[in-house]
Amino acid sequence: MPQSDRESSVENVPMLIPGVLRRTLAKLVSSAHLVLSGTTASILVIIFLGSLFVFVALRNHRRDEIRARTVQLTRLSSLIESDISELENYHRGFLLTHRSQYFGLFQERRSAMKKRLEELNVRLLDNPIQRKRVIKAQDIVLRWADQVAQPAFLGQSSLNMASDISFALKLSNASLDQARWILQSLKDEEQILLSQRVGEQEMATQSTQILDSLPKLERAVIEMNKEKRGFLLTNDNGFLETYHRSVENFYRYHAYLTILAGDAPRRTQLLNDIRSNLERWLSSCALPEINSKQQGRDINAIIDNDQGEQLINKIQRAIAEFQRNELASYDAGSIAAVRHRIWSTIGLLTLVLVVALLISSNTYSLALVRRNLSKLGAAEIRMRAIIENILDGMIIIDRAGTITLMNPAAEKLFGCSKHEMLNQAFLTLVPQAYNTEADLQLVDWGEFTKRTGTTVLAVGRTRKYVTFPIEISLAKMTVDQCTLYVAMIRDVTERKRFEREIAAEKENLAVTLRSIGDGVITTDVQGKIIMINQAAETLTGWTAEEAKGQPLKSVFKISIDLAAQTRAQRSTYRNEAYSLLLKLPSNATLVSRDGTEHLIEQVVSPIRDRRNEVAGVVLVFRDIIEREHKQLGLLAGGIAHDFNNLLTAIMGNISLASLLIPATDEMTTRLADAKNASMRARDLAQQLLTFARGGAPIKKTTSLTRLVQDTVSFCLRGSQSRSECDLEDKLWPTEIDPGQISQVIANLVVNAEQAMPTGGTLHVTCENFRQGSAEKATVQDLPPGEFVMITIRDEGVGISEQNLKRIFDPYFTTKPKGNGLGLATAYSIVKHHKGLITVESEVNKGSAFTIYLPAAAHVAIPEETRFADAKELSGTGRVLIVDDEEAIRTLVEFTLTHLGYEVCSAASALEGIELYRQRLEAGERFDCVILDLTLPGGMGGRDALKLLLESDPSVNAIVSSGYAMDATMSHYQDFGFRGVITKPYEAAELGHTVREVIESGRIKVVPDLDLRAVG
């Protein structure tokens, strides 16, 4: 210790201390002797504490011995008092009943009392005065037993009169009361001694109080029986008063014991049994005997009953059992306390030994601490230098999210002066952060700490509320049992700007590539795929993730002609990119991943770097067949539209003539043949519409049972094949276009019949089918739900595996005179019905086509209404027909006029709208408007209806078309139409639809009521 420190230490000592003592203290507090002085003081303190604990343990052991001695003496004294009372009780019982059994009980109780007196004398060997008093009480009791009680039992007593007996009992009470007083004084002295030695709290233990009160309770029972018998012998009211005091003592001791034993159900139950038995004894024995004695009646008949004696014995046994249990509990608690004290003493001594060993190593430990403190000081200086000079901001935050330290870089980053943000919330500097879904949200410190060990993008905020992007790396550490968090913060403003620019360029490129309808694939110089757009994914069957890094020839599989192969082989370039530029032809057949072939045209161009060297190639290709199909579809749709307009005029006139000519006329047959021919022409037009992706299904709830039977029967009429139909009885209804589904079944049946040129059996089944969830699905590509399954199986030549993949392609056919539209049309119709069609075939064994149509299991099938003649179709009202075909306008006008309607027509939408408004203003509103969906001039039926609804929101419009390219025909109600009629249509269908729409749209006009108040 330096001289200055030593002098300052000495100066701190009061001047009143002598000089020698002052120098000694200064020497002890010096660094050379400080450790030794502390060790010595610690050892002295430990010795003092150990001695104090041993003294306390010995004192507690002595108190336990005193308490145990007092409990035993008190218990023996109480039991001897009970024995004395019981001897008196047996004596009086004999005098009252003259039963010899009392003499045996008397002798047994006398022997038990003598043993207890001998045990009490043994325990009082160390106190001669108390021992002499006990011997005196013993002499008194034994002299009474020998001179008074025993002669009475043996018949040697001359007590005959009640007065003599009363006098003898009083003498007995006086002598025995002296013995009781001696025993009670012994108990009182022991209680006083215990109170002086161990204190009142030790005496107030529950077990001690219970053991002290139980003998008193038993003595009260004995005293009640004894004093009752004394009263019965002498009729002396003094015995009766003592009897009542004994009853009061019993209830007082019982209530006290009930309170002490309230936490033990078993003890409470025993006390309740003792009380109930005593009350039964009082009510059934004691009170009747006392009342009889007071009234002067003969009590011998009542005394001879043994019920009272049995109840008293039962009560005494219950008290004895209670006393045994409590004594066992007291002994167990005493033993446990002794055991606990022993183990506590051993534990403390062990602790003292361990502390002594720790103190012995204190000197060496303190020396090491001093050396390590100097090292830690140097390390702290180096660490602080590192923290203050790192370029990234570092902030230390406590568990509550409060800043405890900021390095200079962090202060500069957030624009704070030195120590300005200490004890401030960390969220003040970092208010927002990006979550795992890259969404910006407010920072919650509790949630933010869960991202420890990761890098988090967040938004920083300076002191002037300027925000900027930051990157935070949060780490957790524990210092002095306190949890701290270290946040390393970096400004990523420039990096985020670069990322946004790159992302924008990539997004522009991605949007461009997605917008291109042609397939685009780029590769590196080795022919490895770098990028593939969505159109290329569709044509090749490879996703962008799967194709990336794959060789081009593995994904883009095409058949190359011999000339291209020759050019590639003659080329001296070994670079794969140059090879691709040379060998890929302009037209080729692309085989997709699932084996589908596409006829494509392609263009290959090089990708050059800054040095104008080939860095890769970009391949652009398109499906020629798909383009041709679209063009053919548009052509087919236009032809079908015009064809349906012509058929409407033909079929409408034929059906109208059929309605006007009587059924017995010869021309009826000719008209029916013409109608059937027109129907077949309509079916052909319907196939063209379906193939052209028009003809959206006009659905209605239908049962497939009749439709399947009629279609199969009609298609096989006149052929060599026969059909076997197995249709489920309770087949679910379906929402379908009956005409289109009938066409699907007809196409499949015709194909099956042609596959069996020599005839055969066509098996047709219809049944309900329920598709489970994705995990329990039984049919691939079929969504979960309820379906009606139709299976058409033939016994024909079958389909080869090669052709099986292309049977649903348009214009694909293996028949010499086929057109390739049958199965393509069936596939398109089922797909538009949100169903599925599958096929299984084996060459020379037959084919099986299965159709799954969504069921409407809980929808009722509407009843069909058939009209026999024109009378059932007639009606009244004004009808406007808007159609660009003059033949159709003429047909509709003639038909509806004949059915009773007033008809006007218009050739364009604008003309029809103007005519409707004029008649509306004139008060001659049209009851129904028939609008063609496609009209010349750019405005179709749907747009015309919008303008009509502006003039008349209650307009009743019917949409009509032979070429439904959108959903207007199938969902006409969504666009404001009240009905739909598909071209070509018959006169009956036209009349029925017009009548239905007019009747549903009519409003009953109610006369105005006079609402003026009366009076």
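User: What is the mean pLDDT of the chain?
Analyst: The mean pLDDT is 76, and 77% of the residues reach 70 or more. pLDDT is the predictor's confidence in each residue, from 0 to 100. Over residues 199-204 the pLDDT is below 50, yet this stretch has nine contacts in the model beyond near neighbours in sequence. A contact means heavy atoms within 4.5 Å. Residues 1004-1015 also stay under 50, with zero contacts beyond four places in sequence.
This is a predicted model: local features need pLDDT of at least 70, side-chain atom pairs count only at pLDDT 80 or more, and totals for chains, interfaces and linings use all residues. Residues are numbered from 1 along each chain as its sequence is written, and side-chain values use heavy atoms, without hydrogens and water.

User: Why is Cys 285 called buried?
Analyst: Buried means under 20% relative accessible area, exposed over 50%, partly exposed in between (1.4 Å probe, protein chains only). Cys 285 has 5%, so Cys 285 is buried. Cys 928, at 0%, counts as buried too.

User: How many disulfides does the structure hold?
Analyst: Zero. A disulfide needs a pair of cysteine sulfur atoms within 2.5 Å.

User: How do you know that the span of helix H4 agrees with its 23 residues?
Analyst: The expected span is 1.5 Å times one less than the number of residues. For H4 (residues 101-123) that gives 33 Å; the end C-alpha atoms are 34 Å apart, so the two agree. Helices (H or I, at least four residues) and strands (E, at least two) are DSSP runs, numbered from the N terminus.

User: What makes S12 and S13 a pair?
Analyst: Two strands pair if DSSP finds at least two bridges between them. S12 and S13 have nine, in the antiparallel sense.
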